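Visitor: I have just opened this one and would like a walk through it. Could we start with a pair of helices and work outward from there?

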Amino acid sequence: MTLAQRTSLNSIPAYRQGATPGAAQKAFKLSSNENPYPPLDSVIAGLSSELGTINQYPNAAAPELVGALAARLGVEPETIALGAGSVEVAGQLIHATANPGDEVVFAWRSFEAYPILAHVAGATPVMVPLDADGAHDLAAMAEAINERTALVFICNPNNPTGTVVDAAAVDAFMAKVPAHVLVVIDEAYVHFNTARDSAIGLDFFRRYPNVAVLHTFSKAYGLAGLRIGYAVAPPAVAANLRKTAVPFGVTALAQRAAVLSLEHEDELQVRIDDLVTARESLLATLREAGVTVTESQANFIWLSTGDDTEAVDAGLRAAGIWARAFAGEGIRISIGSPEANAAIATAVISALQEAP
Ligand code: PMP
């Protein structure tokens with residue numbers, strides 16, 4: 001007997017996690033854009049005191065965190081909707097806006113979860129190729145919008161290319177977007193973005209009634225393992241996000257760690273600044289060595305290795321660099337510890353030289 005199953009799932013891949021080296025290997029895991037710093041001592045101390053409450057369900061409304069975020073961001077608490085990582089909230093945004101068969105427009109290549117989340121929600125992904133520089137082609141994305149479009153993702157900075165969209169270009173794009181379409185600016189990497197002209201999601205959220213912003217505590221705040229992210233969205237959308245959320249999906253530990261991280265943002269900012277400096281110095285070193293590498297505003301760099309991707313990735317692995325390779329396209333390498341970053345430069349230069 002065959003068990004009942006949703007046949008459309010046969011053609012949907014499972015989300016692919018960044019590869020992890022074996023424990024015995026001397027290697028750097030740079031495949032998931034994680035923060036190389038350990039959690040802050042204050043976060044660990046706060047979590048220890050929270051552990052005694054885990055016999056109870058968390059407060060699903062997370063009033064302390066929502067209040068802290070609202071104050072920090074200058075938005076109304078009702079516009080904030082939390083999830084177990086911003087990837088969960090991205091899925092909720094599709095569930096909250098798309099009827100079966102409606103379309104979700106985004107650039108490609110971009111965050112690998114978008115097409116999976118769209119399919120799982122019963123929506124149709126519309127993938128608009130990045131331009132030759134690995135950046136969003138907002139003109140082509142505007143053309144891809146039609147009456148079936150429910151939602152657009154703009155990933156800024158873009159994963160995996162690290163490129164950003166200018167505020168002026170997003171304004172020109174918004175002028176072409178029909179009022180019924182929700183534009184979601186996914187800012188998972190916003191803290192690493194130092195480009196002066198870049199679009200900033202909250203500015204757009206304040207100025208347009210059909211814009212939402214996605215933020216995460218996984219990257220700059222180093223809480224990837226606790227799973228917590230959120231959207232800032234128009235109140236009616238935020239209310240529907242809460243309906244589509246898994247009940248109690250955001251744990252008390254995650255809420256506490258997020259509140260403590262907001263309280264210690266100054267300490268976290270020092271680390272963020274260090275990662276940005278490391279990114280810039282790695283880009284400069286590679287360029288001085290003649291390597292073509294995309295300008296990045298995130299905590300990773302992107303090498304457009306095309307057909308050489310597998311060979312270059314194998315060379316990186318041999319040198320202990322576990323990056324994220326996209327066959328036929330390129331390789332994304334997270335910025336890591338100073339030791340890892342020094343190893344990346346050497347490994348990339350020799351892997352490129354050795355590639356056929
Ligand atoms: N958006 C983008 C662009 C990402 O790259 C990621 C993580 N790789 C996420 C969202 C989701 O992150 P999380 O669920 O850990 O918040």
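Guide: Helix 10 and helix 12 are a good place to begin, and they run roughly parallel to each other, because their axes cross at roughly 20° and angles under 35 degrees count as roughly parallel. Please keep in mind throughout that this is a predicted model.

Visitor: Within what distance do the axes of helix 10 and helix 12 come, and which way do they cross?

Guide: The two axes come within 10 Å, and the crossing in which helix 10 passes helix 12 is right-handed.

Visitor: Which residues make that contact?

Guide: On the side of helix 10 they are A278, L282, T285 and L286, while helix 12 brings P338, N341, I344, A345 and V348. Sorted by class, this contact of helix 10 with helix 12 holds seven nonpolar and two polar residues, with no charged residues.

Visitor: Stepping back, how is the chain divided?

Guide: There are two domains, with domain 1 made of residues 18–39 and 266–354 and domain 2 covering residues 43–263. Taken over C-alpha atoms, the centres of domain 1 and domain 2 are 25 Å apart.

Visitor: And how many residues are in contact between the two domains?

Guide: Domain 1 has 23 residues in contact with 24 residues of domain 2. On the side of domain 1 that touches domain 2, the elements giving two or more residues are helix 10, strand 9 (300–303) and strand 11 (324–326).

Visitor: Which element gives the most to that side of domain 1?

Guide: That is helix 10, which gives four residues to the side of domain 1 that touches domain 2. By class, that side of domain 1 has eleven nonpolar, seven polar and five charged residues.

Visitor: Let me change topic to the ligand. How many residues surround it, and which are closest?

Guide: The ligand is surrounded by 13 residues, and the closest are G85, S86, V87, T216 and S218. The shell around the ligand divides into seven polar, five nonpolar and one charged residue.

Visitor: What about helix 3, how does it sit against helix 4?

Guide: Helix 3 (residues 86–97) packs against helix 4 (residues 113–120) at an angle of about 45°, with the axes 9 Å apart. The two helices are therefore oblique to each other, and their crossing is right-handed.

Visitor: Which residues of helix 3 and helix 4 meet?

Guide: From helix 3 come V87, A90, G91 and I94, and they meet A113, L117, A118 and V120 in helix 4. V87 is also one of the residues closest to the ligand. The contact of helix 3 with helix 4 has seven nonpolar residues and one polar residue, and no charged residues.

Visitor: And at what angle does helix 3 pack with helix 8?

Guide: Helix 3 and helix 8 (residues 235–244) pack at an angle of about 110°, with their axes 9 Å apart, and they are therefore roughly perpendicular to each other. In this contact V89, Q92, L93, H95 and A96 of helix 3 meet V237, N240, L241 and T244 of helix 8. Here the classes are five nonpolar and four polar, with no charged residues.

Visitor: Now for the backbone: which residues does a cis peptide bond join?

Guide: One cis peptide bond joins N156 and P157, with omega about -5°, and the bond from N159 to P160 is also cis, with omega near 20°. P157 is placed in the loop between strand 5 (149–155) and helix 6 (167–174), and P160 lies in the loop between strand 5 and helix 6 as well.

Visitor: Why point those out?

Guide: They are worth a look because most peptide bonds are trans, and in a similar way most residues other than glycine have a negative phi. N33 is not a glycine, yet its phi is positive, at about 55°.

Visitor: Where is N33 found?

Guide: N33 is in the loop between strand 1 (28–29) and helix 1 (41–50).

Notes
Residues are numbered from 1 along each chain as its sequence is written. This is a predicted model: local features need pLDDT of at least 70, side-chain atom pairs count only at pLDDT 80 or more; totals for chains, interfaces and linings use all residues. Domain bounds come from an automatic or database domain assignment. Two residues are in contact if their C-beta atoms, placed from the backbone, lie within 7 Å. Ala, Val, Leu, Ile, Met, Phe, Trp, Tyr, Cys and Pro count as nonpolar, Asp, Glu, Lys and Arg as charged, and the others, Gly among them, as polar. Axes are lines fitted to C-alpha atoms, for helices over the stretch in contact, and angles run from 0 to 180 degrees between N-to-C directions. Angles under 35 degrees count as roughly parallel, over 145 as roughly antiparallel, 65 to 115 as roughly perpendicular and the rest as oblique. A crossing is left-handed if the near helix is turned anticlockwise from the far one by less than a right angle, and right-handed if clockwise. A residue is near a molecule or strand if its C-beta atom, placed from the backbone, lies within 6 Å of it.
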